[in-house]
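Student: I'd like to go through this one by asking where each label comes from. Could you set the values against the cut-offs as we go?

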Amino acid sequence: MNASTIINDNMTLEEKLQAISDAMEQAQTAANEAATKRGEVAAPIDPADLTMCDGCQ
């Protein structure tokens with residue numbers, strides 16, 4: 001996830017926080033749908049996971 005596609009310098013703090021919240025909700029929804037297709041239940045996404053590359057995790 002690239003922060004520059006979600007927020008920009010022209011947004012207010014409230015708009016930035018809402019954009020981040022919306023992105024987290026979309027990511028959780030996608031994880032839930034993928035888990036459901038596999039017959040599993042997705043755990044809540046840790047926001048820190050979205051700030052690191054897969055290799056760093």
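Tutor: Happy to, and keep in mind that this is a predicted model. Let's begin with Glu40, which is partly exposed at 43% relative accessibility.

Student: What makes Glu40 partly exposed?

Tutor: Buried needs a value under 20% and exposed needs one over 50%. Glu40 has 43%, so it falls in between and counts as partly exposed.

Student: And why is Arg38 called exposed?

Tutor: The relative accessible area of Arg38 is 53%, which is over the 50% cut-off, so exposed is the right word.

Student: How do you know that Glu40 and Arg38 meet in a salt bridge?

Tutor: Their side chains are 3.2 Å apart, N to O. The rule asks for a nitrogen of Lys or Arg within 4 Å of a carboxyl oxygen of Asp or Glu, so this pair qualifies. The count by this rule comes to 1 salt bridge.

Student: Let's turn to the fold. What does the secondary structure of the protein chain come to?

Tutor: It comes to 1 helix and 0 strands.

Student: Why is the chain called more spread out than a compact globule?

Tutor: The globule rule gives 10 Å for 57 residues, and the radius of gyration is 13 Å, well over that, so the chain is more spread out than a compact globule. The C-alpha trace spans about 40 × 25 × 15 Å along its principal axes. Buried residues make up 12% of the 57 residues.

Student: How do you know that the length of H1 agrees with what a helix should span?

Tutor: H1 covers residues 13-37. At 1.5 Å a residue, its 25 residues should span 36 Å, and the end C-alpha atoms are 36 Å apart, so the two agree. Just after H1, Gly39 takes a positive phi of about 75°.

Student: Which residues in H1 are buried?

Tutor: They are Ala19, Ala23, Met24, Ala27, Gln28 and Ala35.

Student: Gln28 is in that list. Why does Gln28 count as buried?

Tutor: Its relative accessibility is 18%, and buried means under 20%, so Gln28 makes the cut. Leaving aside neighbours within four places in sequence, Gln28 is in contact with Ala42, Ala43, Pro44 and Ile45. Take Ala43: Gln28 and Ala43 are 15 residues apart in sequence, and their C-alpha atoms are 8.7 Å apart in space.

Student: What makes the nonpolar surface patch?

Tutor: Leu13, Leu17 and Ile20 make it, and it comes to about 290 Å². Leu17 lies in helix H1. For the protein chain, the accessible surface is about 4600 Å², of which 53% belongs to carbon and sulfur atoms.

Student: One last residue: why is Cys56 called exposed?

Tutor: Cys56 has a relative accessible area of 56%, over the 50% needed, so it is exposed. Cys56 sits in the segment after H1. The C-alpha atoms of Cys56 and Ile45 are separated by 16 Å, with the two residues 11 apart along the chain.

Technical notes. Residues numbered from 1 in each chain as written. Predicted model: local features only at pLDDT ≥ 70, side-chain atom pairs only at ≥ 80, totals over all residues. Heavy atoms only, no water. Helix = DSSP H or I, 4+ residues; strand = E, 2+ residues; numbered from the N terminus. Rg over C-alpha atoms; globule rule 2.2 N^0.38 Å. Buried < 20%, exposed > 50% of the residue type's maximum accessible area, 1.4 Å probe, protein only. Areas by Shrake-Rupley, 256 points an atom, 1.4 Å probe, with all protein chains shown as cover. Patch = residues over 30% accessible without salt bridge, like charges linked within 9 Å, V, L, I, M, F, W, Y side chains within 5 Å. Expected span 1.5 Å × (residues − 1). Contact = heavy atoms within 4.5 Å.
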